[in-house]
Amino acid sequence: MELIDDWTFDKQAVPQPPGDNGSPTLASRFHEGLTDFTPQPLTLHCYEDVGHPWVQIVFEHLIAPDVALRLGEALTAVPGAGTIYVNSLRPKAVYLLVEPARDTRRPELAASRYGVTVAELRRTWG
């Protein structure tokens, strides 16, 4: 799986905590957390938009809705992940939002306007 980490190379939407200079970035921890995920993603893209850190996960083939929930649960289990919101499920991709936004700008809207928490999705889908 390819990791595109625009969090550290672009605007640093998710900076390293102070004193964490040798630790893996959150993007690399997400990448590691999906190593054994099935189906295996092609790309994990960590980027920033509307003041929030986002994750786009792309697959080679069509995916079932449960993939979005399982991805959210896998990323939620990553240390330091914060709250994960599921934004959208596409035929071959899932978009998630990470909160809290840790950049210096204020987000345009609260994270809840862009999706639902993984826990809420689990309760709704049963």
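This note sets out numbered points on the fold, the core and selected residues of a predicted model.

1. Overall composition. The chain contains four helices and six strands. Their order along the sequence is β-α-α-β-β-α-β-β-β-α. Of its 126 residues, 42% count as buried. Among contacts with a separation of 6 or more, 63% come from residues 24 or more positions apart.

2. The sheet. The six strands form an open sheet, in the order β1-β2-β3-β5-β4-β6, and the pairing is mixed. The edge positions belong to β1 (2-5) and β6 (116-117); each has a single partner strand, so one side of each is left without a neighbour in the sheet. Strands of a sheet pair through backbone hydrogen bonds, either parallel or antiparallel. Here, β4 and β5 run antiparallel and are joined by seven bridges. Within this pairing, I84 has V98 of β5 as its bridge partner.

3. The largest nonpolar core. In soluble globular proteins, nonpolar side chains tend to be buried together. The largest such core in this model comprises 27 residues, and F30, V55 and I57 have the most contacts inside it. Two or more residues come from each of α2 (26-33), β2 (43-49), β3 (52-58), α3 (66-76), β4 (83-90), β5 (93-99) and α4 (118-125). The most is given by α3, which supplies six residues.

4. V55 and its surroundings. Beyond its neighbours within four places in sequence, V55 is in contact with W7, F30, L44, H45, C46, L75, V94, Y95, L96 and V98. Another core, of nine residues, lies apart from the largest one; V50, W54, Y85 and A93 are among its members.

5. Helix α3. This helix lies across β3, β4 and β5, and runs at about 155° to β4. Its buried residues are V67, A68, L69, L71, G72, A74 and L75. The elements covering these buried residues include α2, β3, β4, β5 and α4.

6. L71 within α3. L71 is placed in helix α3. Its relative accessibility is 0%, and L71 therefore counts as buried. Residues up to four places away in sequence aside, L71 touches L34, F37, I57, F59 and V94. The C-alpha atoms of L71 and I84 are separated by 9.8 Å, and the two residues are 13 residues apart along the chain.

7. Helix α2. The residues L26, A27 and F30 are buried in α2. They lie on the same side of α2, because they cover an arc of only 105° around the axis. An α-helix has 3.6 residues a turn, so residues three or four places apart point the same way. Of these buried residues, F30 is also one of those with the most contacts inside the largest nonpolar core.

8. Buried polar side chains. Q56 is found in strand β3, and H45 in strand β2. Which side chain makes a polar contact with that of Q56? The side chain of Y95 does, at 2.6 Å. Q56 counts as buried because its relative accessibility is 17%, under the 20% cut-off. H45 also counts as buried, at 18% relative accessibility. The side chains of H45 and D6 are joined by a polar contact of 2.6 Å.

9. Wider contacts of Q56 and H45. With neighbours within four places in sequence left aside, Q56 is in contact with T43, L44, H45, Y47, V94 and Y95. On the same basis, H45 is in contact with I4, D6, W54, V55 and Q56. The contact between H45 and Q56 thus appears in the list for H45 and in the list for Q56.

10. Backbone features for a reader to inspect. Most residues other than glycine have a negative phi, and most peptide bonds are trans. At V50, phi is near 45°, a positive value in a residue other than glycine. V50 lies in the loop between β2 and β3, and counts as buried because its relative accessibility is 18%. In addition, a cis peptide bond joins T38 and P39, with omega about 0°. P39 lies in the loop between α2 and β2.

Key: Residues are numbered from 1 along each chain as its sequence is written. This is a predicted model: local features need pLDDT of at least 70, side-chain atom pairs count only at pLDDT 80 or more; totals for chains, interfaces and linings use all residues. Side-chain values use heavy atoms; hydrogens and water are left out. A nonpolar core is a set of buried Ala, Val, Leu, Ile, Met, Phe, Trp, Tyr and Cys residues joined through side-chain atoms within 4.5 Å. Buried means under 20% relative accessible area, exposed over 50%, partly exposed in between (1.4 Å probe, protein chains only). Contact means heavy atoms within 4.5 Å. The arc is that of the directions from the helix axis to the C-beta atoms. A polar contact is a pair of N or O atoms within 3.5 Å; within protein, one must be able to donate a hydrogen and the other to accept it, and residues adjacent in sequence count only if both atoms are side-chain atoms. Two strands pair if DSSP finds at least two bridges between them. Axes are lines fitted to C-alpha atoms, for helices over the stretch in contact, and angles run from 0 to 180 degrees between N-to-C directions.
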